[in-house]
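I opened this entry to note what I looked up in the model, beginning with how the strands pair.

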Amino acid sequence: MPKQKTHKGMKKRFKITASGKAKHRKAYRGHILSKKSPKRKIRLRGDGVVTGAEAKLIVNALRPSS
């Protein structure tokens, strides 16, 4: 049986937490921050957590091969 490979695109965008959840960087915080309000920038701080069916797909794609 062939090994499952890690999805390299997802590896760059997501991290798996200790409890097994998928963590990601929030969008719209990369550049052109001068026109965004301080309130909006505060809400974009920190990492987001993926939930639902998408989270299962991400965790499965990032699982190391065994």
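I looked first at strand 1 and strand 2 (residues 22-25), which run antiparallel and are joined by three bridges; strands here are DSSP E runs of at least two residues, helices are H or I runs of at least four, and both are numbered from the N terminus. Two strands count as paired if DSSP finds at least two bridges between them. I noted that Lys 15 has Lys 23 in strand 2 as its bridge partner.

I should record that this is a predicted model, in which local features need pLDDT of at least 70 and side-chain atom pairs count only at pLDDT 80 or more, while totals for chains, interfaces and linings use all residues. Residues are numbered from 1 along each chain as its sequence is written, and side-chain values use heavy atoms, with hydrogens and water left out.

I then followed the whole sheet, which is open, has three strands in the order 1-2-3 and pairs them antiparallel. Strand 1 (14-16) and strand 3 (47-50) stand at the edges with a single partner strand each, so one side of each has no neighbour in the sheet. From one strand to the next the twist averages 35 degrees.

Next I checked helix 3 (residues 53-62), which lies across strand 1, strand 2 and strand 3 and runs at about 80 degrees to strand 1; contact means heavy atoms within 4.5 Å, and angles run from 0 to 180 degrees between N-to-C directions of axes fitted to C-alpha atoms, for helices over the stretch in contact.

Last, I read the pattern along the sequence as α-β-β-α-β-α.
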